[in-house]
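User: I am new to this structure and would like a close look at a single part of it, the largest pocket. Please set it in the context of the whole chain and go through the residues that form it.

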Amino acid sequence: MRAELLWAWIALASVVAYATKLLGYSLPARWLSNPRMGVIAGSLTVALLASLTVMNTLASGTRIVFDARLGALAAAALALRLRLPFLAVVVIGALACAMLRCVF
C-alpha cells in the first residue's frame, strides 16, 4: 500500500472518529440518563476489552497461535482472582511470559 493512500485512510478514520464523538454530544440528555444506556455502555466496554485481550493474546498476523502470552494471561487472571494489586498482576503476567518463553 502506498504511503499516500495509507495516510488518506488514517485521515478518514480520524474524521469518522471525531464525527462519532460529536454525534454523542448531540444526543438528547434524556436518552443518556436512561438506566438502560448505562447497562449498554458497560456491556460494550467489557466486550471491547475482552475482544482486544483475545486478539492480543492469540493472534499472530493472520494465524491463531498458542504461546507464552496465553500462559501469561492465565497467570494474570489468577492474580486478579486472588485480588492482588494491579501492579502485582502486571508483574506476575510479565514474569510468567518471560519464564514460559525461556522454557519453550
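Analyst:
**The largest pocket and its surroundings**

Of the 104 residues of the protein, 12% count as buried. The model is a predicted one, with an average pLDDT of 94 for the protein and 99% of the residues at 70 or above.

The overall layout comes before the pocket. The protein has five helices and two strands, and from the N terminus on the elements follow the order α-α-α-β-β-α-α. Along the principal axes, the C-alpha atoms take up a box of roughly 55 × 45 × 20 Å. The radius of gyration is 20 Å, whereas a compact globule of 104 residues would have one near 13 Å.

Now the pocket itself. Its volume, for the largest pocket of the protein, is about 240 Å³. The elements that contribute two or more residues to its lining are helix 4, residues 68-81, and helix 5. Helix 5 supplies the largest share of that lining, with six residues. Helix 5 spans residues 86-103 and has the highest mean pLDDT among the elements, 97. At the other end of that range stands helix 2, residues 29-32, with the lowest mean, 87.

The lining is made up of Arg-69, Ala-72, Leu-73, Ala-76, Leu-80, Phe-86, Val-89, Val-90, Gly-93, Ala-94 and Cys-97. By class, the lining of the largest pocket holds nine nonpolar residues, one polar and one charged. The charged residue is Arg-69 and the polar one is Gly-93.

One lining residue, Cys-97, deserves a separate word. Cys-97 counts as buried because its relative accessibility is 15%, and the cut-off for buried is under 20%. The cysteine sulfur closest to that of Cys-97 belongs to Cys-102, at 9.7 Å, which is too far for a bond. Seen from the other side, the sulfur of Cys-102 has Cys-97 as its closest cysteine partner, again at 9.7 Å and too far for a bond. A disulfide is a covalent bond between the sulfur atoms of two cysteines. Since a pair counts as a disulfide when the sulfur atoms lie within 2.5 Å, the 9.7 Å between Cys-97 and Cys-102 does not qualify. The count of disulfides for the protein comes to zero. Cys-102 has a relative accessible area of 70% and is therefore exposed, while Cys-97 is buried.

To sum up, the largest pocket is lined mainly by nonpolar residues, nine of them, and helix 5 gives the largest share of the lining.

Terms used
Residues numbered from 1 in each chain as written. Predicted model: local features only at pLDDT ≥ 70, side-chain atom pairs only at ≥ 80, totals over all residues. Heavy atoms only, no water. pLDDT = per-residue confidence, 0-100. Helix = DSSP H or I, 4+ residues; strand = E, 2+ residues; numbered from the N terminus. Buried < 20%, exposed > 50% of the residue type's maximum accessible area, 1.4 Å probe, protein only. 1 Å grid on protein atoms, 1.4 Å probe; cavity = no way out; pocket = protein on both sides within 12 Å on 5 of 7 lines; lining within 4 Å. Points joined across faces, edges and corners; volume = space filled by probe spheres on them. Rg over C-alpha atoms; globule rule 2.2 N^0.38 Å.
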